[in-house]
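Colleague: Please take a close look at one residue in this model, one that you consider worth describing by its surroundings. Then set that residue against the rest of the chain, with the cut-offs stated as you go.

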Amino acid sequence: FNLEQHQGAGGRDARERISHYLLRHHQGHTRVPHAYSWLATWKVNRRSRSLLDHVDYPNREYIQRWYPEDDDGDFFEMDDRFTFNDSGTQIAHRDARWLYPPYRRLREHLTPDDPEKYRFFFNPRMKRRLDDWTHVVDTAVVFDPRHTQDEVFDDIIEDYIDMEAFLRVWAIRINIDDWDSWGVGRGKNAYFYRPAIDGRWTMIAWDMELTYEFQGRFMPPAIESSYNTIDAAKFREVFRLTNRPRFKRMFYGILWEMLDRPFNPNFLAPYVALLDDTPVTRTDVGKPGGHIDIRGQRVRNTIEAAAFPLRRLEITTNGGEPLSADEPMITIEGQAPVDALRILLHVEGQPEDTTVEATFSNSDYFSWSAEVPLALGENVVHAMGMTSRDEVLDADSIEVVVGTSGGEFVRG
């Protein structure tokens, strides 16, 4: 029946409810599934047990609700794997990892792509009769630094996973001190759905009960420093993903946006007030002076140097000064704060459909470049840093003259 007592804290405990509310308001340009919950009472022979919390359980119905247009894909639950002897005594325990294979010494006689290497780490929750781990294994090869070099990883990983969705889930789970989850402290408590049409895995958060304990644990460092949630050797796939420059830049931009929207007590105040009118407890984590408030300030202090306005968007081509070009196509380069999640370039006076989106560097946290088509004569190129809400965060411009000379350059 999925009636929760939240690890003994009781069904009235609001912490997991607040965590799903944070995910609900952290969508960006993707889809971040989250659960709804209801207070419920279990009655047997007219006897009523204590108030419990009924939480949406990730199952086929859950997938149909979130992906109505693409609901027949692969669906797995990640969990840790226990081994028992014939007398029922536990003899081994391993956290799940998305590597190729998760553990080399586990059933060493099997090849790395054998499903038995992944069984019980990845448990099918739909299409069980197919017993098919193909897409899990294919993604493990890409995730594993031992099999896919960094440069190749950067180019292809977004064909396998919805990067923004993964990072948005981690942004919340890491900062609510959700140590009991994949990549943070344990290899468990996550679901992965791969829509058949889209073809990219998305991560679904689950079991966010052991949370909001320590405000300083798993703290993101300054962007130039390596970020390691718990153990780089334990979760090599997560360590690499969150430290590759382009994806780390995206992650820090998502963190900064999170601080300005759901992850602060001012945003949460109306919701917390509603909860306080119900029988639930532990709403303190979302109030001033609570976990979210304290943690949010610490993260802000750590990464603000990488975000607007301390770091600005600027065009660096030709030092930002006007220039001439022989061809009607030019590479424009620049720098941008991490909270500019997209850079759009548009030539003044040209149709909207000629707008170009820049590509962020794989080797630098702030650099971007774009190939911009120009017209003969004078062109004013505008670069705009966009938030996930498609609002202009910051902008710069440069004048480029194509195929002619003379006149004074005036920078836009």
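Modeller: A residue counts as buried when its relative accessible area is under 20%, exposed when over 50% and partly exposed in between, with a 1.4 Å probe and protein chains only. By that rule Ser 37 is buried, because its relative accessibility is 17%. The model is predicted, so local features need a pLDDT of at least 70 and side-chain atom pairs 80 or more, while totals for chains, interfaces and linings use all residues. Numbering runs from 1 along each chain as its sequence is written, and side-chain values use heavy atoms without hydrogens or water.

Ser 37 belongs to strand S2, which covers residues 37-44. Strands here are DSSP runs of E of at least two residues, helices are runs of H or I of at least four, and both are numbered from the N terminus. Once the neighbours of Ser 37 within four places in sequence are set aside, its contacts (heavy atoms within 4.5 Å) are Arg 17, Asp 53, His 54 and Val 55. Arg 17 falls within helix H1, which spans residues 15-24, so the surroundings of Ser 37, a residue buried at 17%, take in Arg 17 as well as Asp 53, His 54 and Val 55.

Just ahead of H1 is a loop that joins strand S1 (3-4) to this helix, and Gln 7 sits in the loop. The phi angle of Gln 7 is near 55°, which is positive although the residue is not glycine. Is Gln 7 buried or exposed? Gln 7 counts as exposed because its relative accessibility is 53%.

Arg 107 also has a positive phi, near 55°, and is likewise a residue other than glycine. Its place is the loop between S6 and S7. With a relative accessible area of 37%, Arg 107 is partly exposed.

The loop between strand S6 (90-94) and strand S7 (122-124) also holds Pro 101. The peptide bond leading from Tyr 100 into Pro 101 is cis, and its omega is near -5°. Thus Pro 101 and Arg 107 both lie between S6 and S7. Another cis peptide bond runs from Phe 308 to Pro 309, where omega is near 10°. Pro 309 is placed in the loop that leads from helix H9 (291-303) to strand S10 (314-315).

Now the chain as a whole. The protein contains 9 helices and 18 strands. Its C-alpha trace spans about 90 × 60 × 40 Å along the principal axes. The protein has 412 residues, and 53% of them count as buried; Ser 37, at 17% relative accessibility, is one of the buried residues. Taking contacts between residues at least 6 apart in sequence, 68% join residues at least 24 apart.

The surface can be put in figures too. About 18800 Å² of the protein is exposed, and carbon and sulfur atoms supply 47% of that area. Such areas come from the Shrake-Rupley method with a 1.4 Å probe, and for residues only the protein chains shown count as cover.

To return to the residue you asked for: Ser 37 is in strand S2, is buried, and touches Arg 17, Asp 53, His 54 and Val 55 beyond its neighbours within four places in sequence.
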